[in-house]
Amino acid sequence: CMLRTIATSKRSTDSRSGLAVVWLIGSSALVIAALSMVLEVGWLDLCRSEVRVIAEGAALAGARAWGAAADSVANRTAAKSAAAIIVTGSTVEGSNVELAALSGALAANNDTSAVNNNAVCPVTVPTVNTVVLLGDFDSSSCILSASTVGPAASRRACLVQFSISLTSPFTSVPRTVSARAVAVWDPAVTPNRSRLVSLSALTCP
């Protein structure tokens with residue numbers, strides 16, 4: 001009888017030990033998954049911040065290059081190039097592969113036969129993933145008119161927008177990060193400078 005009691009007690013102990021191992025493995029998997037998600041969110045926020053800074057720097061460079069020079073086809077092309085170089089020469093999370101690959105798309109939007117050298121005029125970021133756009137900025141309505149008329153010297157604006165696909169180092173899930181920034185040349189201050197502005201709409205009549 002005592003042998004049966006000892007055997008039963010041993011089986012009960014083994015059973016509890018087995019459950020503890022299963023619980024530990026399951027808990028570890030949940031902890032790892034939760035940690036991966038936390039790291040993923042932090043990584044994605046960092047990428048978005050970096051992409052936004054790149055877009056803003058590029059827009060400022062484009063507005064400065066165009067606003068500080070006489071309005072001409074060559075100077076518009078130079079302004080677009082100045083903005084594009086900021087984008088393609090930057091890095092996001094230590095890799096510039098995606099941004100460097102945008103070079104062709106950025107160049108494709110420069111049409112020297114079109115007003116303001118704009119081949120296209122997107123309304124939202126997903127419509128055209130990569131673009132450097134020049135136009136006339138109306139400070140009262142915050143509208144960028146980017147097509148039919150040449151810009152007033154005091155309102156030369158540059159818009160930069162692009163989307164890049166990145167693979168998460170934590171979950172291996174592909175993520176798309178987009179950014180848009182608009183800067184306007186401001187000759188009303190001394191020294192003249194470009195500054196970031198908000199944008200409510202685009203018009204390309």
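This report walks through the salt bridges, one helix, the nonpolar cores and a buried asparagine. Keep in mind that the model is predicted.

**Salt bridges**

There are 5 salt bridges in the structure. Three of them are set out here, with the gap between the closest N and O atoms.

| Pair | Closest N and O atoms |
|---|---|
| Arg-175 and Glu-40 | 2.7 Å |
| Asp-136 and Arg-155 | 3.5 Å |
| Arg-48 and Asp-45 | 3.8 Å |

Start with Arg-175, which pairs with Glu-40 at 2.7 Å. Arg-175 sits in strand S4 (residues 174–186) and Glu-40 in helix H1 (residues 2–67), so this bridge ties together parts that are 135 residues apart in sequence. The two ends have their own surroundings: Glu-40 is buried, with a relative accessible area of 2%, while Arg-175 has 29% and counts as partly exposed.

Next comes the bridge from Asp-136 to Arg-155, at 3.5 Å. Asp-136 belongs to strand S1 (residues 131–138), and Arg-155 to the loop between strand S2 (143–145) and strand S3 (156–167), so the link joins parts that are 19 residues apart in sequence. Here too the acid is the buried partner: Asp-136 has 11% relative accessibility and counts as buried, whereas Arg-155 is partly exposed at 30%.

Arg-48 and Asp-45 make a bridge with 3.8 Å between the closest N and O atoms. Both are in helix H1, 3 residues apart, which separates them by about one helical turn. Arg-48 is partly exposed at 41% relative accessibility, and Asp-45 is partly exposed with a relative accessible area of 41%.

**Helix H2**

Helix H2 covers residues 73–88, and its 16 residues should span 22 Å at 1.5 Å a residue; the end C-alpha atoms are 22 Å apart, so the two agree. Which of its residues are buried? They are Arg-76, Ala-79, Lys-80, Ala-83, Ala-84 and Val-87. These buried residues cover an arc of only 130° around the axis, so they lie on the same side of H2. Ala-74 and Ile-85 are exposed on the other side of H2.

**Nonpolar cores**

The largest nonpolar core has 29 residues, and those touching the most other members are Val-87, Val-92, Leu-99, Val-160, Phe-162 and Ile-164. H1, H2, S1, S3 and S4 are the elements that give two or more residues to this core. H1 supplies the largest share, 10 residues.

Val-160 gives a good feel for how the pieces meet. Leaving aside neighbours within four places in sequence, its contacts are Ala-55, Ala-58, Ala-59, Ala-83, Val-87, Val-131, Val-132, Ala-179, Arg-180 and Ala-181. Of these contacts, Ala-83 and Val-87 are also among the buried residues of H2.

There is also a second, separate core of 12 residues, including Phe-137, Cys-142, Val-197 and Leu-202.

**A buried asparagine**

Asn-118 lies in the loop between helix H4 (103–108) and S1. Is Asn-118 buried or exposed? At 9% relative accessibility, Asn-118 counts as buried. What does its side chain reach at 2.7 Å? The partner is the backbone oxygen of Leu-134. Apart from neighbours within four places in sequence, Asn-118 is in contact with Lys-80, Asn-109, Asp-111, Val-132, Leu-133, Leu-134 and Ala-146. One of these contacts, Lys-80, is a buried residue of H2.

Terms used. Residues are numbered from 1 along each chain as its sequence is written. This is a predicted model: local features need pLDDT of at least 70, side-chain atom pairs count only at pLDDT 80 or more; totals for chains, interfaces and linings use all residues. Side-chain values use heavy atoms; hydrogens and water are left out. A salt bridge is a side-chain nitrogen of Lys or Arg within 4 Å of a carboxyl oxygen of Asp or Glu. Helices (H or I, at least four residues) and strands (E, at least two) are DSSP runs, numbered from the N terminus. Buried means under 20% relative accessible area, exposed over 50%, partly exposed in between (1.4 Å probe, protein chains only). The expected span of a helix is 1.5 Å times one less than its number of residues. The arc is that of the directions from the helix axis to the C-beta atoms. A nonpolar core is a set of buried Ala, Val, Leu, Ile, Met, Phe, Trp, Tyr and Cys residues joined through side-chain atoms within 4.5 Å. Contact means heavy atoms within 4.5 Å. A polar contact is a pair of N or O atoms within 3.5 Å; within protein, one must be able to donate a hydrogen and the other to accept it, and residues adjacent in sequence count only if both atoms are side-chain atoms.
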